[in-house]
Amino acid sequence: MPAAPLHIDTPLYRTAAGYSASDRPLWLKLDALQPAGSFKLRGVGRLCQHEVENGAREIFCASGGNAGIAAAHAGRVLGVPVTIVVPETTSEEVQRSIEATGAAVVVYGSVFDEANAHAIKLADARKAAYVHPFDHPLLWEGHGTLIDEVVAKGADFDCVVASVGGGGLLAGIVAGLGRNGLSHVPVIAVETEGAASFHASIAAGERITLPAITSIASSLGARQVAQHVFDLPKHHPIESVTVTDAEAVAACLKFADTYRILVEPACGAALAVADAHPGILERFSNPLIEVCGGIGVSVEKLTMWKERLL
Ligand SMILES: *Cc1c(COP(=O)(O)O)cnc(C)c1O
């Protein structure tokens with residue numbers, strides 16, 4: 001019998017039609033309520049579980065954010081030590097919250113790619129498992145459970161709106177739709193301007209590496225998406241769109257006031273489509289928005305972003 005998953009079946013809310021400028025009711029999948037604060041636990045938990053079942057006695061992950069928190073959480077539940085390698089840009093606050101879960105933090109490199117290479121090296125040297133934050137088939141299989149849950153609840157959605165960083169969430173949603181016979185359901189893939197590596201790659205017809213990340217939505221800040229993610233539009237209908245940081249923050253604030261739940265701008269980006277770009281949803285009747293969550297947010301941060309951007 002497979003072990004019980006580490007993530008939970010999150011609530012599915014239905015908004016009133018008037019909630020957003022799209023003027024249609026929205027399904028909101030509340031992954032902000034996952035233990036560890038984001039959808040990441042679905043895939044990272046699945047992958048960590050697999051590694052431990054196959055004998056791993058230690059886990060390494062590179063991440064400056066929610067993937068690290070999810071791996072730390074998974075390690076604690078599974079009873080194996082976890083080390084998260086974070087780039088120097090990761091705030092003290094995030095480092096402390098990773099440590100608070102019982103994981104060790106190693107600071108290495110100025111960007112994610114350097115931290116990631118170091119995590120792979122450390123894991124190799126210690127014969128430990130290495131968990132990538134967005135590029136692994138088991139991760140996508142795990143993320144896809146969010147679609148399984150929505151389908152099991154009988155929700156009649158006709159598109160999925162989700163944000164894209166390295167693209168693990170997008171790949172998971174496409175996998176989840178596929179295994180539920182919903183390969184015709186389009187996905188609206190949302191990035192913020194300044195973190196739009198998927199959008200740039202689609203436009204260029206080749207996988208682009210952004211020179212820098214200039215958006216405040218740090219969880220979307222992968223300079224390059226996974227190759228598998230770049231290839232997804234060849235076999236699934238995907239529309240790549242961008243929103244501004246200001247639109248993402250405005251959506252976070254409205255969502256907080258309505259539902260009393262804080263989410264990162266990375267998540268506000270997906271919510272912002274219905275608020276600020278309703279035309280994108282015009283051809284759909286029942287959009288499903290993945291409320292992916294994130295721990296990199298506080299009342300203070302939202303207030304600061306509001307003052308700076310709105
Ligand atoms: C990781 C993350 C994303 C992006 O997910 P990818 O799998 O990297 O595309 C979006 N929002 C939040 C809150 C995240 O933690």
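## Exercises on two domains, a helix pair and salt bridges

**Exercise 1.** In this predicted model, find how far apart the centres of domain 1 and domain 2 lie, and describe the interface between the two domains.

*Solution.*
- Step 1. Taken over C-alpha atoms, the centres of domain 1 and domain 2 are separated by 24 Å.
- Step 2. Domain 1 covers 12–39 + 137–309, and domain 2 covers 40–131.
- Step 3. Contacts join 21 residues of domain 1 to 16 residues of domain 2.
- Step 4. The area buried between domain 1 and domain 2 is about 1600 Å², with 56% of it on carbon and sulfur atoms.
- Step 5. On the domain 1 side, the most area is lost by Ala36, Leu138 and Ile295, which together account for 33% of what that side buries.
- Step 6. Five salt bridges are counted between domain 1 and domain 2.

**Exercise 2.** Describe how helix H10 and helix H11 are placed relative to each other, and sort the residues of their contact by type.

*Solution.*
- Step 1. Two packed helices are described by the angle and the distance between their axes.
- Step 2. The axes of H10 (residues 245–259) and H11 (residues 265–276) come within 7 Å and cross at roughly 90 degrees.
- Step 3. Angles of 65 to 115 degrees count as roughly perpendicular, so H10 is roughly perpendicular to H11.
- Step 4. H10 contributes residues including Val249, Cys252 and Phe255, while H11 contributes residues including Pro265, Leu271 and Asp275.
- Step 5. By type, the contact residues of H10 with H11 comprise 10 nonpolar, one polar and three charged.

**Exercise 3.** State how many salt bridges the structure holds, and explain what the pair Lys29 and Asp9 ties together.

*Solution.*
- Step 1. The structure has 15 salt bridges.
- Step 2. One salt bridge links the side chains of Lys29 and Asp9, at 3.8 Å from N to O.
- Step 3. Lys29 is in strand E2 (residues 27–30) and Asp9 is in the segment before strand E1 (12–14), so the pair ties together parts 20 residues apart in sequence.
- Step 4. Another salt bridge is formed by Arg46 and Glu141, whose closest N and O atoms are 3.2 Å apart.

Conventions:
Residues are numbered from 1 along each chain as its sequence is written. This is a predicted model: local features need pLDDT of at least 70, side-chain atom pairs count only at pLDDT 80 or more; totals for chains, interfaces and linings use all residues. Side-chain values use heavy atoms; hydrogens and water are left out. Axes are lines fitted to C-alpha atoms, for helices over the stretch in contact, and angles run from 0 to 180 degrees between N-to-C directions. Helices (H or I, at least four residues) and strands (E, at least two) are DSSP runs, numbered from the N terminus. Angles under 35 degrees count as roughly parallel, over 145 as roughly antiparallel, 65 to 115 as roughly perpendicular and the rest as oblique. Contact means heavy atoms within 4.5 Å. Ala, Val, Leu, Ile, Met, Phe, Trp, Tyr, Cys and Pro count as nonpolar, Asp, Glu, Lys and Arg as charged, and the others, Gly among them, as polar. Domain bounds come from an automatic or database domain assignment. Buried area is the accessible area (1.4 Å probe) that two parts lose on being put together, summed over both. A salt bridge is a side-chain nitrogen of Lys or Arg within 4 Å of a carboxyl oxygen of Asp or Glu.
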